[in-house]
Amino acid sequence: MTLDAKVVWKSGLAFTGSANSGFTVDLDSDVAVGGSDSGLRPMELVAIGIAGCTAMDVISILQKKRQDVTAFEVKVTAQRAPEHPKRITEVEIEYIVTGRNIDPAAVERAVELSETKYCSAIATMRGCVTFSRKITLHEAQA
């Protein structure tokens, strides 16, 4: 399976990115470094990619386990090295699950399966980045 992606320059440091799916995303940089602040930063897309990849796995697994999830959010906090190339060194992933009578063990197992078996974004970065996780469960209001 091949993943094809490209960026097309608009002006300054602004680009439009696209990939196999055909969807596009605006990329740019901060004004302080010559951008016009008109799009996501490339490293923000990396963090969003991690969050989206594991989120899709976890919600899919929870649905198969027939968990009554009413809201779901994944937050990624990435720490970057202070010197160039300012790579990501640490990633904390917080899974926030809201639902009715959610089984904590089911959530823990879904997260474990995503992080160790299914999420290709995490697998790609494993060994280069330190990962940690936090799981927060909320009972849905009646």
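**Pockets, sheets and a few odd spots**

Trainee: Let's start with the second largest pocket: how does its lining divide between nonpolar, polar and charged residues?
Mentor: Six of the lining residues are nonpolar, two are polar and four are charged. Bear in mind that this is a predicted model.

Trainee: Which residues line that second largest pocket?
Mentor: Leu13, Phe15, Leu27, Asp28, Ser29, Val33, Arg41, Pro42, Met43, Arg80, His84 and Lys86.

Trainee: And how much space lies in it?
Mentor: The second largest pocket holds about 240 Å³.

Trainee: OK, over to the largest pocket. How much space is there?
Mentor: About 770 Å³. The largest pocket has 23 lining residues, and Leu3, Ala5, Ala19, Leu45 and Gly49 are the closest to its centre.

Trainee: Which elements give two or more residues to that lining?
Mentor: Strand 2, strand 3, helix 1 (42–64) and helix 3 (120–125) do.

Trainee: Which one gives the largest share?
Mentor: Helix 1, with eight residues of the lining of the largest pocket.

Trainee: What about the chemistry there, how many nonpolar, polar and charged residues?
Mentor: In the largest pocket the lining has 15 nonpolar residues and eight polar ones, with no charged residues.

Trainee: Let me step back to the overall layout. How many helices and strands does the protein have?
Mentor: Three helices and six strands. If you walk along the sequence, the pattern is β-β-β-α-β-β-α-α-β. As for dimensions, the C-alpha atoms fill a box of roughly 50 × 35 × 35 Å along the principal axes.

Trainee: Now the sheets. What's the order in the open sheet with antiparallel pairing?
Mentor: That open sheet has three strands in the order 1-2-3. Its edge strands are strand 1 (5–11) and strand 3 (24–27), and each pairs on one side only. From one strand to the next, the twist averages 25°.

Trainee: How many bridges join strand 2 to strand 3?
Mentor: Four, and strand 2 (residues 14–19) runs antiparallel to strand 3. If you want a spot to look at, Gly17 stands opposite Val25 in strand 3.

Trainee: And the open sheet with mixed pairing, what's the order there?
Mentor: The order is 4-5-6, again an open sheet of three strands. Strand 4 and strand 6 are at the edges with a single partner strand each, so one side of each has no neighbour in the sheet. Neighbouring strands in this sheet are turned by 15° against each other on average, direction ignored.

Trainee: Which way does strand 4 run against strand 5, parallel or antiparallel?
Mentor: Antiparallel: strand 4 (residues 68–80) and strand 5 (residues 88–100) are joined by 12 bridges. Gln79, for instance, stands opposite Glu90 in strand 5.

Trainee: Same question for strand 5 and strand 6: parallel or antiparallel?
Mentor: Parallel, over 10 bridges, with strand 6 covering residues 130–139. Gly99 stands opposite Glu139 in strand 6.

Trainee: What is the bridge partner of Glu94 in strand 6?
Mentor: Lys134. Those two residues also form a salt bridge, with the closest N and O atoms 3.9 Å apart. The pair links distant parts of the chain, since Lys134 in strand 6 and Glu94 in strand 5 are 40 residues apart.

Trainee: How many salt bridges does the count come to?
Mentor: Eight, if a side-chain nitrogen of Lys or Arg has to be within 4 Å of a carboxyl oxygen of Asp or Glu.

Trainee: Back to the helices. Which strands does helix 1 lie across?
Mentor: Strand 4 and strand 5, running at about 150° to strand 4. Helix 2 (residues 104–118) lies across strand 5 and strand 6, at about 150° to strand 6.

Trainee: Any backbone oddities? Where is the cis peptide bond?
Mentor: The cis bond joins His84 and Pro85, with omega about 15°. Pro85 is in the loop between strand 4 and strand 5. His84 also appears in the lining of the second largest pocket.

Trainee: And what about phi of Asp37?
Mentor: Phi of Asp37 is near 55°, a positive value in a residue other than glycine. Asp37 is in the loop between strand 3 and helix 1.

Trainee: Why would I flag those two spots?
Mentor: Because most peptide bonds are trans, and most residues other than glycine have a negative phi.

Note on methods
Residues are numbered from 1 along each chain as its sequence is written. This is a predicted model: local features need pLDDT of at least 70, side-chain atom pairs count only at pLDDT 80 or more; totals for chains, interfaces and linings use all residues. Side-chain values use heavy atoms; hydrogens and water are left out. Two strands pair if DSSP finds at least two bridges between them. Axes are lines fitted to C-alpha atoms, for helices over the stretch in contact, and angles run from 0 to 180 degrees between N-to-C directions. On a 1 Å grid over the protein atoms alone, a cavity is a set of points where a 1.4 Å probe fits but cannot get out, and a pocket is an open set with protein on both sides within 12 Å along at least five of seven lines; lining residues have an atom within 4 Å of a point. Grid points are joined across faces, edges and corners, and a volume is the space filled by probe spheres set on the points. Ala, Val, Leu, Ile, Met, Phe, Trp, Tyr, Cys and Pro count as nonpolar, Asp, Glu, Lys and Arg as charged, and the others, Gly among them, as polar. Contact means heavy atoms within 4.5 Å.
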